Amino acid sequence: MHPTYHPSWAPALAPALGEHWPHIRTELEKGDFLPAAENIFRAFDMPLDEVKVLIVGQDPYPTPGHAMGLSFSTQPGVKPPRSLVNIYQELHDDLGIAPRQDGDLTGWFHQGVLLLNRVLTVAPGNAGSHRKLGWQAITEAAIRALDGRPIVAILWGKDAQGCQQFIPNVPCITSPHPSPLSARRGFFGSRPFSKANELLEQQGVPPVDWQL
């Protein structure tokens, strides 16, 4: 099991992986984990200079068959989890885009939306179980590599908003998390998708087509 990522991420990721990956790999080899090994670093298939929008998640879906290496996204054909249902509702309210029947967000990924979890693995059925393995140091390094670039960050909830300190020179859109517990406290009506496009255009970057 070896990390695979686009070479443009190497200056940021290689030092952090060198320090933390041996321990993480040893822990992963002790039992089952999600997503599949070949998808752990899927977010970093995107070249660094193609990133337009960063959306930070927490950790992968713990339900087997759901996680696929991109934050908030599920495998094709999987019914959207409740947080994603709320994201789809806000997408419709913001831009009039009808929701997908499944939770596959790879269409956004191909538009330059980096869907990055802070923790890249999880034990099946045990949300948050890998938060102490050292993943945050690796994803922090990746997020720091985006600072000062012509991008926008969308940070939902306190965990994601903690990343704002790593990208002080990036415009950030913040709101409560889209989970059913907090979506009505300010996520609904926050219009993150149209705001992201406005901020991209202000930086001379073509907007994202949020249609899925």
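**Close-up 1. The side chain of Asp-59 meets the backbone nitrogen of Gly-128 at 2.7 Å.** This is a predicted model, in which local features need pLDDT of at least 70 and side-chain atom pairs count only at pLDDT 80 or more, while totals for chains, interfaces and linings use all residues. Residues are numbered from 1 along each chain as its sequence is written, and side-chain values use heavy atoms, with hydrogens and water left out.

**Close-up 2. Asp-59 sits in the loop between β1 (53-57) and α2 (82-95).** Helices (H or I, at least four residues) and strands (E, at least two) are DSSP runs, numbered from the N terminus. An unreviewed UniProt entry annotates Asp-59 as "active site"; such annotations may be inferred rather than shown by experiment. With a relative accessible area of 14%, Asp-59 is buried (under 20%, with a 1.4 Å probe and protein chains only). Beyond its neighbours within four places in sequence, its contacts include Asn-117, Thr-121, Ser-129 and Arg-131 (heavy atoms within 4.5 Å).

**Close-up 3. Asp-59 also helps to line the largest pocket.** Here 26 residues form the lining, and Gln-58, Asp-59, Tyr-61, Ser-83 and His-177 lie nearest the centre. On a 1 Å grid over the protein atoms alone, a pocket is an open set of points with protein on both sides within 12 Å along at least five of seven lines, and lining residues have an atom within 4 Å of a point. About 600 Å³ of space lies in this pocket, the volume being the space filled by probe spheres set on the points, which are joined across faces, edges and corners.

Technical notes: Buried < 20%, exposed > 50% of the residue type's maximum accessible area, 1.4 Å probe, protein only. Polar contact = N/O pair within 3.5 Å; in protein donor to acceptor, adjacent residues only side chain to side chain. 1 Å grid on protein atoms, 1.4 Å probe; cavity = no way out; pocket = protein on both sides within 12 Å on 5 of 7 lines; lining within 4 Å.
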